Amino acid sequence: MSYVDDRFYADIVAAFTGWQRPELAVTDVATRDECRRLLEWEARLLDEARYDDWLALYAEECVVWVPATERPGDPRREVTVFFDDRQRLQDRIFRLRTGKAWSQVPPSRTVRLVSNVEVFRAAGKMMVRSNLVLHEFRSGEMRTLAAWCAHRLSGGKIEAKQINLLERDQSLRNPSILL
Amino acid sequence: MSTSIFFEHLVQEDRVHRSIYTDPLIFELEMTHIFGGVWCYLAHESQLPRPDDYITAQLGLRPLIVVRDSGGKLRALFNRCTHRGARVCRETRGNARTFQCPYHGWTYFNSGKLRGVPWPEGYACDFSEGKYNLAQVPRVESYRGFIFGTLNADAPSLADYLGAARQPIDEWLDRNPGGRVVLAAANRLKFKGNWKLAYDNAADGYHVVFSHRSLLETENRHAADPTRGMSFYLGKPDEAPMYVQYFGRGHHFKDKRPNLERRPGALWEIEAAQPGMAAYEQLIRQKLGAKALRALDLAASEPVNINIFPNLSLLGNHIQVLQPLAVDETESVWYATAIVDEANELGGMADAVNAIRMRTQESFPNFGEVDDAANFEEIQKGLAACEDEWVYMHRGLGIPGRVKALPDGTLKAPATDEVFMREHMKEWQRLMTTRPNIQLSR
C-alpha cells in the first residue's frame with residue numbers, strides 16, 4: 001500500500017521549496033564527499049541496470065519526482081513527467097523486465113555524469129544539489145538529457161529525488177529509462 | 001497523372017501506399033488540404049480564462065497566437081510579423097494587450113490590428129489600411145471549451161463538423177462536476193514518425209494486448225484477479241461488449257464503457273494502483289459515504305477514445321493533441337485535466353479527486369504511449385523499404401455482418417476492426433483531392 005497521502009505531498013512540496021540558501025550550505029569536506037559518492041554510486045547502478053541495488057539506496061518511504069512544468073508546482077494539482085512512490089518505481093522496473101516494453105527493447109545504453117555537487121542542511125535533512133548529464137544511446141542514435149537534481153537524504157538513504165530536466169515542459173523523445 | 005487518380009492509387013479499399021507516411025511533398029500538401037481545410041483543435045478555453053490571455057500554438061506548421069482579445073473575443077493570430085516575417089511573440093503563454101515585434105518594433109493590438117510602426121514618416125503608405133494588420137484564422141469557434149480554427153471559408157459550422165462525435169464529447173464532459181474540466185499541465189512526447197501513424201492508432205483495438213503487453217502485465221501484477229486497467233482486451237476482444245464506431249469526416253470512437261457494469265464504482269475498481277490512491281480513497285469515503293463512489297470514478301480513467309480528425313483525441317481523462325513537426329516527426333501532447341467543483345457537488349472532495357487523477361493520468365504516457373511511439377518509429381523505419389509499397393488495414397473487410405451501418409449513418413464494428421482507419425483514409429483521400437477555399441483575415 002502506498003504511504004503517499006496529503007501530508008506526504010505537503011511535506012515534499014515544502015521540503016523542495018527555498019532550501020538552496022547560502023546560510024544552509026554544508027562546507028564540511030567529509031560530508032560533501034559522502035554525498036557526492038552516494039550520487040555517483042546511484043548513477044553507476046542505473047547505468048548498469050542494477051535496479052534492485054539502485055532501489056535499495058532509497059528509504060522505504062521514498063519518491064522520485066520529475067516536474068513537467070517550468071516551476072515544480074504542486075503535484076496534487078497538475079501532472080508531472082512522473083511522481084513515483086516505491087510501488088510505482090517497482091512497477092517501472094517490473095515493466096522493463098517483462099521484455100515487452102518495446103520502448104526499451106533493445107534497452108538504451110546510458111552514461112551519467114554527476115557534477116557540481118552542493119550540500120545544504122534544511123529542516124534537519126541533507127539536501128544535495130547536483131547537475132546531471134545523461135548520454136543515451138539507442139537504436140543507432142545518441143541523445144543527451146540534462147538536468148539539475150535535488151536529493152533529500154536521511155540516515156544514508158535517499159528519501160526523495162527531484163529531477164529538473166531542462167526540457168521539462170517540452171516534448172521528450174522516448175522517456176522510458178529510469179531516471 | 002491527375003491529382004485525384006494519384007490519390008485514388010495511394011488509398012485503396014484494403015491498403016494505403018507507404019508514401020502517404022514518407023513523402024515530404026504529400027506532407028506539404030496536407031498542411032493546406034488537411035490542416036488548412038478542416039477544423040483543427042487549437043487550444044482549450046481554460047488556458048485563456050481572462051481577456052488578454054494568450055498561448056502560442058500551431059495550425060499545421062503555421063505559428064499562431066491563440067488569444068482572448070481585450071474585447072473577450074477568441075482569435076488565432078498568425079505569429080508572423082507582417083513586415084518581415086519574424087514571430088512577434090516568443091513566449092508560450094502570457095497576458096498581453098499588444099505584441100511588439102522584437103526585430104523592428106512594429107506593434108499590434110491583440111485583435112491583430114496594427115497599432116503603429118517606429119518612425120512612420122519614413123513610409124509613404126497609409127498604415128490604417130488593413131493589409132498591414134497581423135493575418136489571422138478567419139474562423140475560430142469553441143465547442144464547450146474546445147477551441148478550433150479553420151482557414152477554409154467553405155467548411156461547415158464547427159457543430160456540423162463534429163457531427164455525431166458531439167454526443168460522446170458531451171458525455172465525456174458531463175460526467176464531471178459542472179460539465180467541464182480545466183487543463184492541468186501535460187505529458188509531452190515526440191516521435192520520429194508521421195502524424196497519421198498516431199491517428200491510425202487512436203481507435204485501434206487490435207494493437208492493445210501486443211503493443212501494451214508490458215502495461216497490461218504491470219497493471220495486474222498485484223491484483224488477486226487480473227481485471228485492472230485494459231485487461232478487458234485479453235482473451236477475445238471482438239466478443240467483448242466494447243466496440244469501435246465511425247462518425248464520418250474522419251472522426252471515430254472506441255467505446256470501452258460497455259465492458260463495465262453501469263454502476264458507481266465500477267470504473268474505480270479497475271484502476272491500477274497509483275501513488276496516494278489508498279489514502280485519498282479513505283478520506284473520500286469517510287467524507288462522502290454512499291456518494292464516494294461517484295467521486296472516485298472521476299479520479300479513474302474514463303474508458304473511451306474520442307478521436308476528432310485530424311489532431312484531437314479525448315482518451316481517459318486526457319486531451320491528446322497531435323502536432324505534426326515534419327513528415328517523419330510528430331509531437332503528441334497529453335494534456336491532463338482536473339475537475340472544478342464550483343457548486344460543491346463533491347462535498348469539498350474535488351482536491352482529493354484531483355490528487356488521485358493527476359497520478360492516474362501520468363500512468364498511460366509513461367507505461368503505454370512510450371511503447372506505441374517506439375512502434376510508430378519502427379513503422380517509419382520499416383517504410384524505408386521502398387519496393388514493398390503497401391500498408392494493410394483490412395481487418396474485418398469483407399466479413400458479412402461484421403460492420404453494421406446504423407440508422408444515423410455511422411458505422412459500428414467489433415473492437416479490433418480497422419474499419420475506422422479505412423474510413424478516415426477515404427476522408428483523407430477526399431480532402432487531398434479537393435482544393436479548400438483558404439482565406440485569411442486581417
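**Domains, cores and the chain A–chain B contact**

Seven residues of domain 1 of chain B are in contact with ten residues of domain 2 of chain B in this predicted model. Domain 1 spans residues 40–143 and domain 2 spans residues 180–429, and their C-alpha centres are 35 Å apart. On the domain 1 side of this contact, strand β2 (residues 40–44) of chain B gives the largest share, three residues. Sorted by type, the residues that domain 1 of chain B turns to domain 2 are two nonpolar and five polar, with no charged residue.

The packing of nonpolar residues adds to this picture of chain B. In soluble globular proteins, nonpolar side chains tend to be buried together. The largest nonpolar core here holds 152 residues, and Leu42(B), Leu64(B), Val66(B) and Val353(B) are the members that touch the most others. Helix α12(B) provides the largest share of this core, ten residues. Because domain 1 and domain 2 of chain B both give residues to the core, it lies between them. Around Leu42(B), once neighbours within four places in sequence are set aside, the contacts are Ala57(B), Leu59(B), Leu64(B), Val66(B), Ala76(B), Ile147(B), Phe148(B) and Gly149(B). Another core, of seven residues, lies apart from the largest one; Val208(B), Leu215(B), Tyr233(B) and Phe367(B) are among its members.

We can turn next to the contact between the chains. Here 38 residues of chain B meet 36 residues of chain A. On the chain B side, at least two residues each come from β12 (181–191), α8 (213–219), α10 (277–288), β18 (329–339) and α12 (350–382). Of these elements, α12(B) supplies the largest share, with 14 residues. The chain B side as a whole is made up of 19 nonpolar, nine polar and ten charged residues. Strand pairing also crosses from one chain to the other: strand β7 (residues 172–173) of chain A and β12(B) run parallel and are paired over two bridges. Within β12(B), Lys190(B) is the residue opposite Arg173(A).

Strand β18(B), which contributes to the side facing chain A, is also part of a run of antiparallel pairings in chain B. Strand β16 (residues 312–315) of chain B is joined by four bridges to the antiparallel strand β17 (residues 318–326) of chain B, with Leu312(B) opposite Val321(B). Two residues separate these strands in their hairpin, where Gly316(B) adopts a positive phi near 60 degrees. From β17(B), seven bridges lead on to β18(B), again in the antiparallel sense. Val321(B) is found here too, standing opposite Val333(B) in β18(B). The hairpin formed by β17(B) and β18(B) has two residues between its strands.

Chain A, for its part, contains an open sheet of six strands with mixed pairing, in the order β2-β1-β6-β5-β4-β3. At its edges are β2 (82–85) and β3 (109–122) of chain A, each paired on one side only. With direction ignored, neighbouring strands of the sheet are turned against each other by 15 degrees on average. Edge strand β3(A) is antiparallel to strand β4 (residues 125–138) of chain A, to which twelve bridges join it. One of the pairs between them places Thr110(A) with its bridge partner Glu136(A) in β4(A).

Notes. Residues numbered from 1 in each chain as written. Chains lettered and ligands numbered in written order. Predicted model: local features only at pLDDT ≥ 70, side-chain atom pairs only at ≥ 80, totals over all residues. Contact = placed C-beta atoms within 7 Å. Nonpolar A, V, L, I, M, F, W, Y, C, P; charged D, E, K, R; others polar. Pairing = 2+ DSSP bridges. Axes fitted to C-alpha atoms, helices over the stretch in contact; angles between N-to-C directions. Core = buried A, V, L, I, M, F, W, Y, C linked by C-beta atoms within 7 Å. Buried ≥ 20, exposed ≤ 12 C-beta atoms within 10 Å, placed from the backbone. Domains from an automatic or database assignment.
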